[in-house]
Protein chains: 2
Amino acid sequence: MYRSVWKGTVAPSGIFLYRAVRISGVTAKTRGRPRGFDADAALDRAIEVFWEHGYEGASLADLTDAMGINRPSMYAAYGNKEELFRRAVARYAEYDMAYAREALAEPTAYATVEKFLKANADALTQPGRPAGCLSIQGGLAGGSDNGQVAQFLAASRLAGEQQLAERLARAVDEGDLPAGTDPADLARYVMTVSEGNAVHAAAGADRARLYATVEIALRALPRT
Amino acid sequence: MYRSVWKGTVAPSGIFLYRAVRISGVTAKTRGRPRGFDADAALDRAIEVFWEHGYEGASLADLTDAMGINRPSMYAAYGNKEELFRRAVARYAEYDMAYAREALAEPTAYATVEKFLKANADALTQPGRPAGCLSIQGGLAGGSDNGQVAQFLAASRLAGEQQLAERLARAVDEGDLPAGTDPADLARYVMTVSEGNAVHAAAGADRARLYATVEIALRALPRT
DNA sequence: TCCCTTCCATACCGAACGGTACATAATTTT
DNA sequence: AAAATTATGTACCGTTCGGTATGGAAGGGA
């Protein structure tokens, strides 16, 4: 699908789409030497580097070392550092934040929020993984050069907030939440607690402390 | 007091203390050419650069341009980039976060938390200043080189949390909060909301939205 | 087997980074 | 007025940054 567009050396922004057909696991017929590494596995290692050091703080040397590949391989497979980051964030959202989608499937608004915040607290304090959340540690400030990155992360977080708002709106319709409850406000509050917990986790707060915060936060939810 | 220790060219870490006697506004007798700029005013400009771009994202060129001085003057006055940042954060905590100390003087725990969160929301969305909070935007991730910076900021935030916890402990003693309320947990919750609001503000949330979050957050406070 | 295509490894690029040497300007002290 | 001391301006240092040119290695198609 993407293949026919590009041939040979391509413009920087095109490389990503060009390669995407194989990166995403679709084993189309290939010519030439096959790639010597698993692009998704390498992306998982890149996720951890960005997660721990942020976008700016993660150098290409850090990244390629962790990914076990060299620089040209990274550029061929992902395009450039920013594209690598975007793909890392997308994969992080799909796998490491799967609990968020699961929470939406809970039968009540309260159960949804409770499961989301507790699973979030778990994810923020997983042993063997960086503390905190890639979506926040990745980069808050930006401005001069990497403002795009901060905006991308903000949009990514906002998308999750809106999904939660839709779930809560349904709860209001169903009478599960009191009429007059603003789902957007409530969703924003929940995400605010989640993001604050991420800041605390990055600073070293342990899981028990995050749970204690969640318990208090849940008291703010409106009950029918 | 500090002066007699150092003479002429000094070790990097010593410069800060050496100059501190005049930076802090104490006009001791000086020899040699007087400084051509106001060190505190320059620090205020540095605060905004760090606030907007973070520690890593703020280059020396950005900083000295904003401060209106050249590089050697910066090094002579503050020591190095990290010391400049620490002094910026200290000044930020003293002036830009004065509302936090004022909130502690409110007569009740509820009023303290309400004032703190609302004044915080105001500070996060001041027109003409960077959105968000230096204590968080300054740098969350760290790790390789600037791990010290992230730790310093975390310690700074924790100090505020502990002051709030002390105020809430007093409220429990006074019967203003229900017996059995854990002041540390409650203080952490309040700071969590504040930090989450900072993340939202950095992403562009306006003041009204932060206020709506605060209104919901206040519902979690225990009432006697 | 030969060719074509693609990947990998090394070595490099210009630019930007934090930090500094050095000469000169502006003061106070003697 | 001369000496001593400190700040400023310029120009530079070595390192690291993101990104790339190039040649050889490794596979598929004919």
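**View 1. The protein surface around DNA strand C.** In this predicted model, 26 residues surround DNA strand C, counting any residue with a heavy atom within 4 Å of the strand. The closest are Gly32(A), Gly36(A), Leu60(B), Tyr75(B) and Lys81(B). By class, the surface near DNA strand C has nine nonpolar, eight polar and nine charged residues. Here Ala, Val, Leu, Ile, Met, Phe, Trp, Tyr, Cys and Pro count as nonpolar, Asp, Glu, Lys and Arg as charged, and the others, Gly among them, as polar. Three helices each supply at least two residues of this surface: α1 (12-23) and α4 (71-78) of chain A, and α4 (71-78) of chain B. Helices are DSSP runs (H or I, at least four residues), numbered from the N terminus.

Residues are numbered from 1 along each chain as its sequence is written, chains are lettered from A and ligands numbered from 1 in the order in which they are written, and side-chain values use heavy atoms, without hydrogens and water. Local features need pLDDT of at least 70, side-chain atom pairs count only at pLDDT 80 or more, and totals for chains, interfaces and linings use all residues.

**View 2. Arginines at the bases of DNA strand C.** A polar side-chain atom of Arg33(A) lies 3.2 Å from a base oxygen of the strand. In chain B, an N or O atom in the side chain of Arg33(B) is 3.1 Å from a base nitrogen. For Arg71(B), the distance from a side-chain N or O atom to a base nitrogen is 3.0 Å. Of the strand's atoms within 4 Å of the protein, 65% belong to sugar or phosphate. The rest belong to bases.

**View 3. The interface of chain B and chain A.** Each chain brings 36 residues to the contact (heavy atoms within 4.5 Å). The buried area is about 3,100 Å², meaning the accessible area (1.4 Å probe) that the two parts lose on being put together, summed over both. Carbon and sulfur atoms give 64% of this area. The rule finds zero salt bridges across the interface (a side-chain nitrogen of Lys or Arg within 4 Å of a carboxyl oxygen of Asp or Glu).

**View 4. How the two copies are related.** A turn of 180 degrees and a shift of 0.0 Å along the axis lay chain B on chain A with an RMSD of 0.0 Å. The superposition is by least squares on the C-alpha atoms of residues with pLDDT of at least 70 in both. The two copies are thus related as by a two-fold rotation axis. Of the interface residues of chain B, 100% are also interface residues in chain A, so the copies meet through the same surface.

How values were computed
Polar contact = N/O pair within 3.5 Å; in protein donor to acceptor, adjacent residues only side chain to side chain.
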